[in-house]
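Hi,

Here is the structure I said I would pass on. Have a look at it first, and then read my notes below.

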Amino acid sequence: MSAQLAIIIVGASGDLAQRKLLPALFSLYAQKLLPAEFRVVGFARTPRTDESVRARTAEKLTCRYTPEPQVCAELMARFLARCHYVVGDYGSRDAFLDLADRLRQLTGSLGGGCLFYLAIPPAIFLDTARALGDAGLVSCAAPGDPWTRVVIEKPFGRDRASSDQLAAELARVFIDEQTYRIDHYLGKEVLQNLLVLRFANRIFEPLWNRTYVRDVHIVWKEDLGVGTRAGYFDDYGIVRDVMQNHLMQMLALTAMEPPASFAAQAIRNEKVRVLQAVPPLRPEDLALGQYAAAERGVGGRPAYRAEPGIPPGSCTATYAAAMLRVENERWRGVPFFVECGKALDGPLAAIRLRFRDVPANLFVNALPNLPPNELVIRVQPDEAIFYRVINKVPGLNLRLEPSELNLRYRTAFPEVIPEAYETLLLDVIKGDKSLFIRADELAAAWDIFDAALHAVEAQSEAPEPYPYGSRGPAGRAQLAARHGLELEPMA
Ligand code: BG6
């Protein structure tokens with residue numbers, strides 16, 4: 001039997017595995033990006049057969065890269081024939097020994113490497129990692145030998161201290177070189193383009209600083225509530241779920257200095273440097289909210305506290321806005337307003353740079369207040385990069401209006417836009433760590449939020465309510481106004 005790549009998804013019956021990981025692996029397979037010989041082995045507690053797992057997985061696979069139905073159906077059948085399932089308890093060495101036996105039967109030799117994806121809840125993370133190690137599944141390969149790599153998902157602890165402790169415990173099982181800390185936002189197409197936009201074009205970088213930029217607004221919002229993840233979310237809240245990771249990655253890519261090269265190490269060095277230049281968030285610069293019921297839609301929208309699995313007195317924030325600063329030569333004095341929330345007025349992930357006013361308005365008779373130029377990088381939905389400029393409306397008189405120079409991905413590029421997990425899983429297989437979080441980067445991101453989170457939790461006050469489907473709590477605009485910011489909606 002020839003050397004095989006084994007991809008083991010620990011937590012295979014969960015939402016992440018079903019909705020994201022297996023479809024991403026199929027997309028890689030459909031594009032012939034997986035090695036010729038590979039096996040995908042799901043591991044979870046729920047008893048299932050290979051056949052039932054395949055049937056369930058088939059429902060989630062899509063034909064984005066191979067739209068011809070017959071071709072896609074054949075590819076799916078071939079992919080599913082390479083998917084298997086092993087049942088067992090996560091913390092059990094014996095269960096992982098069973099997994100090892102099954103891997104040996106399926107793959108013969110693992111010359112193609114062994115990728116473990118730990119798609120499991122934080123509470124069982126460490127026990128699972130230890131059991132994997134005890135079963136001898138995580139070997140440190142010598143050069144040329146088959147490799148073992150382990151992908152781990154956030155939350156990486158609850159604060160700096162617990163994150164450091166988790167890292168120290170995990171280091172007993174996997175060495176840092178084997179560990180891939182994933183933040184799926186780094187796999188998003190538009191965010192990967194950000195460094196290209198900034199550093200492969202001459203026109204942006206000269207303006208990308210405090211002299212020309214008035215403020216930076218980074219937003220992530222969803223129009224849905226907590227869904228089926230009540231237990232996890234209520235324990236962690238929105239700052240730990242989204243702000244400390246996805247938003248800080250967006251901030252780092254926006255604010256970092258040019259790296260010495262495009263190598264993983266150089267990029268991550270600059271991201272760490274810029275995160276370390278963000279002073280710890282002051283509790284008064286953090287506005288929190290929790291969604292309340294709204295009457296919109298059939299049957300209305302429930303309050304967070306009325307969602308299944310959420311304690312009726314929960315003080316967990318579902319919305320957060322923070323006013324951050326980047327204390328360096330490039331950004332001193334520029335407010336970075338970052339906000340994220342669930343059950344808001346629509347899905348959006350975007351970065352907006354608003355530029356300073358033109359020093360003298362020549363067109364005061366046509367437009368007394370020139371709105372500022374803006375550059376918006378819309379990560380999702382409807383990926384786009386656009387510049388708001390003031391333009392003359394065609395006609396015989398002088399009428400000025402803001403217009404957009406718009407690069408809309410959907411119309412500009414015929415290519416399929418890859419899902420973040422496709423990009424990231426392929427990188428793990430290739431051993432490219434550029435888009436994964438380094439330990440010092442994680443520590444720097446925690447340092448920004450540690451003190452504010454502890455201060456808020458010591459008060460255990462209920463966050464300000466906001467109606468489901470709104471823009472967030474009143475505290476959002478108040479925080480912005482205290483720092484002289486007006487929050488116009490982002491297009
Ligand atoms: C996850 C968070 O990391 O990202 C979720 O845990 C959130 O709460 C999700 O919904 C959003 O990801 P995306 O790619 O759908 O924007």
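Before anything else, a word on terms: helices and strands here are DSSP runs, with at least four residues for a helix and at least two for a strand, and they are numbered from the N terminus. With that in hand, you can find Leu398, which sits in the loop that runs between strand 13 (384–392) and strand 14 (400–408). Do keep in mind that this is a predicted model.

Is Leu398 buried or exposed? Neither, in fact: its relative accessibility is 47%, and partly exposed covers what lies between under 20% (buried) and over 50% (exposed), so Leu398 counts as partly exposed. Leu398 also belongs to a nonpolar surface patch with Leu362 and Phe363, and together they have about 330 Å² of accessible area.

Now for the overall layout. The chain is split into domain 1 (4–153) and domain 2 (186–417 + 439–482). Taken over C-alpha atoms, the centres of domain 1 and domain 2 are 34 Å apart.

Then there is the ligand. Which residues are around it? They are Lys154, His184, Tyr185, Lys188, Trp220, Glu222, Arg229, Asp241, His246, Lys342 and Gln380. A few of them are worth a look up close. In Tyr185, a side-chain N or O atom is 2.4 Å from a ligand oxygen. For His246, a polar side-chain atom lies 2.7 Å from an oxygen atom of the ligand, and for Lys154 the corresponding distance to a ligand oxygen is 2.9 Å. On its own the ligand has 400 Å² of accessible area, and the protein covers 82% of that.

Cheers

Note on methods:
Residues are numbered from 1 along each chain as its sequence is written. This is a predicted model: local features need pLDDT of at least 70, side-chain atom pairs count only at pLDDT 80 or more; totals for chains, interfaces and linings use all residues. Side-chain values use heavy atoms; hydrogens and water are left out. Patches are made of residues with over 30% relative accessible area and no salt bridge: like charges are joined within 9 Å, nonpolar side chains (Val, Leu, Ile, Met, Phe, Trp, Tyr) within 5 Å. Accessible areas come from the Shrake-Rupley method with a 1.4 Å probe; for residues, only the protein chains shown count as cover. A salt bridge is a side-chain nitrogen of Lys or Arg within 4 Å of a carboxyl oxygen of Asp or Glu. Buried means under 20% relative accessible area, exposed over 50%, partly exposed in between (1.4 Å probe, protein chains only). Domain bounds come from an automatic or database domain assignment. A residue is near a molecule or strand if one of its heavy atoms lies within 4 Å of it. A polar contact is a pair of N or O atoms within 3.5 Å; within protein, one must be able to donate a hydrogen and the other to accept it, and residues adjacent in sequence count only if both atoms are side-chain atoms.
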